[in-house]
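The exercises below ask you to read a helix pair, and then the confidence of the whole chain, from the model shown here. Please work through each task before turning to its solution.

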Amino acid sequence: ERTVAEDRETLVALTTRSALPIRRIAEKEVANLAVARDLYEFFSEAERSRSSRHSDSALAQLLYRLAYDIDPASVPARAQTLVRIAMSQGSVADAERYIEMAQRRTDLPSLHDLFVQIALFVSLQEYGRAKAILDRIPRREFDRYRVLRVLDAVALNRIREHAESDRKIDQLLVEDGSLEEQALLVSYKIGGLLHEERCELATTVLSKWAPRLRQAKNYPYFLRNAAAVHMFSSTPDLDAAERMLDEAIRRFSAEHDAFGEATALCNLGVVKAYRGDIKSAERQFRVSYDRLSILGTQHIEESGTNIGTALMLQREFDDAQRHMIKLLPMMEMDYPRAITEANLAMVDILSGRRASAVERMRELVAAARGINVIDCVRHVRLAAALIESVAGHSVRAASLLDSVEREGGPTKELATIRRAISSGPLVPDDAFGLYRTDWMQYWSQNPLQMLPVAALTPQAEFHHVA
């Protein structure tokens, strides 16, 4: 279904049924394993030759199923192909159904089947669901297959259980894994420290590990992620952040890694926004957004959110509203969505739609509790206080500020807003002047993208797991 949004961007909504169901080839339906082998060889050749008669999605499911009996060594690689194709399905539900249809019907799912599900949810950034599957796997399997321990530590980091994640990351680092694994783990350790606003320790970790990791194949991703240390510390060094991102972009370009380059461009836009050059930042965000949109809507939250913020800060309120409303159906309730919702409420208040702004912010204040990032909760409540003040709800505005101080301590921004609203209701432009101008989203995801294939597929023969 093709539609054109108000900002003239063409949107295509896909409704798919995934691929055709795959019958069981071995056992009861076809007792002769030689037939299954012939089928596997035929369709493997069709895959290699990219036959127009056979879709990639159907071949991937079929070959994954057949490989269990015919070519077990290829099961890990075929599992990754499944996840890649699942990510291009029309919706998350379609992606899950695609994976489910590819897996063999058995009361004892194989560890590969569980790994495919984990990889899908990690790719979709649904870490709670990935962790739930990891928790189904017996602990003894984690000792045998290191990649499970790595993904478990990452999932804990992303669901904000930072203390437990740090413990597991530190243990893995002590065990001296590959440079690529270390780059991944250190990236997430730094990200967790920044989310907890422990910026000095994040700086120490970066200084310790950066020289050791320069030869890692995924070092550009490490640069892309770790540049945030220089941006969010108590004494920002935007020049250092920009140097790291420029190096990451050069390396991504040389390696023809379009995804890595597009995400690093988003982060470079954040640096430019922090310098106050919002127009230049918007250009970077749009390049990133256009390139990432080709790869799937799950990748556009950060750059898409930043475009909305940049348009709003340039007072292009109608364009900002159209863009952000278009984004909402593609977003879960996470940090980027919280920013987008708060921005829309601010645009509403500036456009005279006070009731709409207040309703949106009250719903967001409640929803933001589940995001579990100090910075997000703080600034959602600060934005809500500004909007409640404009609406004449001084007591509620003061209560929101009290909750910010009680849970996150005093800050300069909090004190400034408290002084402003203490004199009476704010006018919309004054509220906008106090609204956060550096509320940008920064790319620091993709654990599967950062690990080499060998790390993701340590064993050809996973045992069945109850």
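Contact here means heavy atoms within 4.5 Å. The model is predicted.

**Exercise 1.** Describe how helix α9 and helix α10 pack, and state which residues of α9 meet α10.

*Solution.* Two packed helices are described by the angle between their axes and the distance between the axes. Helix α9 covers residues 162–174 and helix α10 covers residues 179–195, and their axes lie 10 Å apart at an angle of about 155°. Therefore α9 runs roughly antiparallel to α10, since angles over 145 degrees count as such. The crossing of α9 and α10 is left-handed.

From α9, the residues in contact are His162, Asp166, Ile169, Asp170, Leu172 and Leu173, and those they meet in α10 are Glu181, Gln182, Leu185, Val186, Tyr188, Lys189, Gly192, Leu193 and His195. Sorted by class, this contact of α9 with α10 holds 7 nonpolar, 4 polar and 4 charged residues.

**Exercise 2.** Decide over which residues the pLDDT is below 50 or stays under 50.

*Solution.* Begin with the chain, whose mean pLDDT is 83, with 76% of its residues reaching 70 or more. Over residues 16–31 the pLDDT is below 50, although this stretch has 33 contacts in the model beyond near neighbours in sequence. Over residues 458–466 the pLDDT also stays under 50, and there the model has 31 contacts beyond four places in sequence. Where pLDDT is low, the predicted coordinates should not be read in detail.

**Exercise 3.** State how many helices and strands the chain has, and what share of its residues is buried.

*Solution.* The secondary structure comes to 26 helices and 2 strands, and of the 466 residues 55% count as buried.

Methods. Residues numbered from 1 in each chain as written. Predicted model: local features only at pLDDT ≥ 70, side-chain atom pairs only at ≥ 80, totals over all residues. Heavy atoms only, no water. Axes fitted to C-alpha atoms, helices over the stretch in contact; angles between N-to-C directions. Helix = DSSP H or I, 4+ residues; strand = E, 2+ residues; numbered from the N terminus. Parallel < 35°, antiparallel > 145°, perpendicular 65-115°, else oblique. Left-handed = near helix turned anticlockwise from the far one by under 90°. Nonpolar A, V, L, I, M, F, W, Y, C, P; charged D, E, K, R; others polar. pLDDT = per-residue confidence, 0-100. Buried < 20%, exposed > 50% of the residue type's maximum accessible area, 1.4 Å probe, protein only.
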